[in-house]
Amino acid sequence: MSQQIKLYSYYRSSCSYRVRIALYLKNIPFEYVPINLLKQGGEQKSKQYKKWNPEGQVPCLIHGNKVITQSMAILQYLEDIYPLPVLFSHHPVKKATIISICEIINSGIQPLQNLKVLQYLKANGMLSGSNQNRWPGFWIDKGLLSLEKKVAKNKESLFAVGNHLTAAELFIIPQLYNARRFGVNLKDFPRLLAIEELCKRLPAFKKSHPDEQPDSPLNSGRQQ
């Protein structure tokens, strides 16, 4: 694949985080294009960006003249064009289990902690001051509890589904990052934390971490 890949991303977007991990795991060269979700009302709302992504969200991946949006779609696209390492499995039951874990986060948690949802709740007086983490924290805790129970069934596995890294970890690790952002106590999720410890040792997870991105305040010196 000789065409340049561009990833439009925000450093602490968990959806973008998933895609960054996949790109590094598959050793795919890409250009990182930062989209600040907070600056001047959000760069994702600009006319130029919405030409590529009418949803006005990140991530957005551009490969040549192809535009792919939504993290799950991007991950499956990357899996098709760069099949190694395999992240979704070729075994039907295992693949379904992996996707099930991904969707607990992608469909069950992420939409309820999404920036535009939180902005709406704040604008309408439903989140303020000391209780602004209550809404996202409640849903993250509830979702992670379900996820912990599901993953804990595989007691002999190193990772969420077997002894090899899969797409499941690409969703779990960013979600744990978000959980900490919103002050969620992670003491009830020992299995998820054990998986996180394994992933933290891998270069792809280190390079994709929000703190390592060029638009992170730790690197840019700018307030995000």
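**Helix H8 and its surroundings**

Biologist: Let's start with helix H8, residues 167-181, in this predicted model. What span would be expected for H8, and how far does it reach?

Modeller: H8 has 15 residues, and at 1.5 Å a residue the expected span is 21 Å. From its first C-alpha to its last, the helix comes close to that, reaching 22 Å.

Biologist: Is H8 mostly covered or mostly open, and how many of its residues are buried?

Modeller: Buried here means under 20% relative accessible area. By that cut-off H8 is mostly covered, and of its 15 residues the number buried is 13.

Biologist: Which nonpolar core takes in part of H8, and how many residues does H8 give?

Modeller: Look at the largest nonpolar core, which has 64 residues. Leu78, Leu144 and Ile172 have the most contacts inside it. Domain 1 (5-85) and domain 2 (92-207) each supply at least three of the core's residues. The largest share comes from H8, with 9 residues.

Biologist: Leucine 78 came up there; which residues does it touch, leaving aside those up to four places away in sequence?

Modeller: Leu78 is one of the residues with the most contacts inside the core. With those sequence neighbours left out, leucine 78 touches Ile5, Val19, Ala22, Leu23, Lys26, Ile28, Leu61 and Pro83.

Biologist: Which residue just after H8 takes a positive phi, and of about how many degrees?

Modeller: Step just past the end of H8 and you get to glycine 183. Its phi is positive, at about 75 degrees.

Biologist: On to charges: which residue forms a salt bridge with arginine 180, and is that partner buried or exposed?

Modeller: Side chains of opposite charge can pair when their charged atoms come close. Arginine 180 pairs with glutamate 196, with the closest N and O atoms 2.8 Å apart. The two are 16 residues apart, arginine 180 in H8 and glutamate 196 in helix H9 (residues 190-200). Arginine 180 is partly exposed at 43% relative accessibility, whereas glutamate 196, at 7%, counts as buried.

Biologist: Which residue pairs with glutamate 197 in a salt bridge?

Modeller: Stay in helix H9 and go 3 residues along from glutamate 197, about one turn of the helix. Glutamate 197 is partly exposed at 38%, and its partner is partly exposed at 45%. The closest N and O atoms are 3.0 Å apart, and the partner is lysine 200.

Biologist: Aspartate 188 and lysine 187 also meet in a salt bridge; which of the two counts as exposed?

Modeller: Their N to O distance is 3.2 Å. Exposed means over 50% relative accessible area. Aspartate 188 has 44%, so it is partly exposed. With 60%, the exposed one is lysine 187.

How values were computed. Residues are numbered from 1 along each chain as its sequence is written. This is a predicted model: local features need pLDDT of at least 70, side-chain atom pairs count only at pLDDT 80 or more; totals for chains, interfaces and linings use all residues. Side-chain values use heavy atoms; hydrogens and water are left out. Helices (H or I, at least four residues) and strands (E, at least two) are DSSP runs, numbered from the N terminus. The expected span of a helix is 1.5 Å times one less than its number of residues. Buried means under 20% relative accessible area, exposed over 50%, partly exposed in between (1.4 Å probe, protein chains only). A salt bridge is a side-chain nitrogen of Lys or Arg within 4 Å of a carboxyl oxygen of Asp or Glu. A nonpolar core is a set of buried Ala, Val, Leu, Ile, Met, Phe, Trp, Tyr and Cys residues joined through side-chain atoms within 4.5 Å. Domain bounds come from an automatic or database domain assignment. Contact means heavy atoms within 4.5 Å.
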